[in-house]
Amino acid sequence: MIPDLETCFSLLRDYRVPVHIVGHSVVVTKIAVVLGEALRVQGLDQDMSLLAAAGLLHDIAKLESITTGVDHALLGGQWLEALGFSEVAMVVRHHIHLEPAPWQPVDEKELVFYADKRVKHVEIVSLDHRFADLRDRYGKNVSSLGSLGNMEKLTRELEKKIFSPLSWRPDEVVTVVDASANGQRRLLDRIAALYEKYIDIHPEV
């Protein structure tokens, strides 16, 4: 079962996810949805409902990780699994811990993983910018730097995999997101409206 958009925002409220984290998740969702639709046009089918839900909920446990140090990808996956959202839980668990699969078609967990690496706070940035920021924030020891190095290598390979069938480049993501049309635009506009409502109802979160 995949929660609809309203249910996703209700879950974010229930778990008291701060507005700034939800804002980040909204931008990640936009990228994942736009890439998913572009790949669908090329015959690489994606579940758009899954992309939207997993994008919105991928950081549902982030506040818990900030306060306790727990792995928020695994914990968020556990929470969602317990609620019966097993498909979304699978994507959420993999948004940090992704195994490379270059021989398989691009799937939803790869798109959410990649989209997350393209967003610094609520700004769409290049991988160069994003990983420089991550090294500044988290690369305080050799272990962290090694993990980030492995993640960066995986993400760059994934970027090639995602964009190889597309007619536009990674540096055009902002333009393509802004130019989204038809059903894709309606979905993104609905997410934006729900986020505005989230801010209005829970400004203190």
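Let's start with the largest pocket in this predicted model: 26 residues line it, and Lys62, His72, Ile96, Leu134 and Tyr138 are the ones nearest its centre. The space inside comes to about 770 Å³. If you'd like to follow along by element, H2, H4 (62–68), H7 (108–117), strand E1 (119–120), H8 (127–138) and H9 (142–163) each contribute at least two lining residues. In chemical terms, that lining splits into 9 nonpolar, 9 polar and 8 charged residues.

Now, the second largest pocket, with about 180 Å³ of space. Which helix gives the most to its lining? That's H9, with 6 residues. Among the lining residues you'll find Pro100, Pro102, Glu110, Asn150, Lys153 and Glu157. The class count here is 6 nonpolar, 1 polar and 5 charged.

On to the packing. The largest nonpolar core holds 60 residues, and Phe9, Leu35, Val88 and Ile162 have the most contacts inside it. Helix H2, residues 19–41, supplies the largest share of this core, with 13 residues. Take Leu35: leaving aside residues up to four places away in sequence, Leu35 touches Leu111, Tyr114, Ile162, Phe163, Leu166 and Trp168.

One last residue, friends: Leu44, which sits in the loop between H2 and helix H3 (48–57). Is Leu44 buried, partly exposed or exposed? Its relative accessibility is 27%, so Leu44 counts as partly exposed. With the same neighbours in sequence set aside, up to four places away, Leu44 touches Leu39 and Pro165. And from Leu44 to Glu87 you travel 43 residues in sequence and 19 Å in space, C-alpha to C-alpha.

Technical notes:
Residues numbered from 1 in each chain as written. Predicted model: local features only at pLDDT ≥ 70, side-chain atom pairs only at ≥ 80, totals over all residues. Heavy atoms only, no water. Core = buried A, V, L, I, M, F, W, Y, C linked by side-chain atoms within 4.5 Å. Buried < 20%, exposed > 50% of the residue type's maximum accessible area, 1.4 Å probe, protein only. Helix = DSSP H or I, 4+ residues; strand = E, 2+ residues; numbered from the N terminus. Contact = heavy atoms within 4.5 Å. 1 Å grid on protein atoms, 1.4 Å probe; cavity = no way out; pocket = protein on both sides within 12 Å on 5 of 7 lines; lining within 4 Å. Points joined across faces, edges and corners; volume = space filled by probe spheres on them. Nonpolar A, V, L, I, M, F, W, Y, C, P; charged D, E, K, R; others polar.
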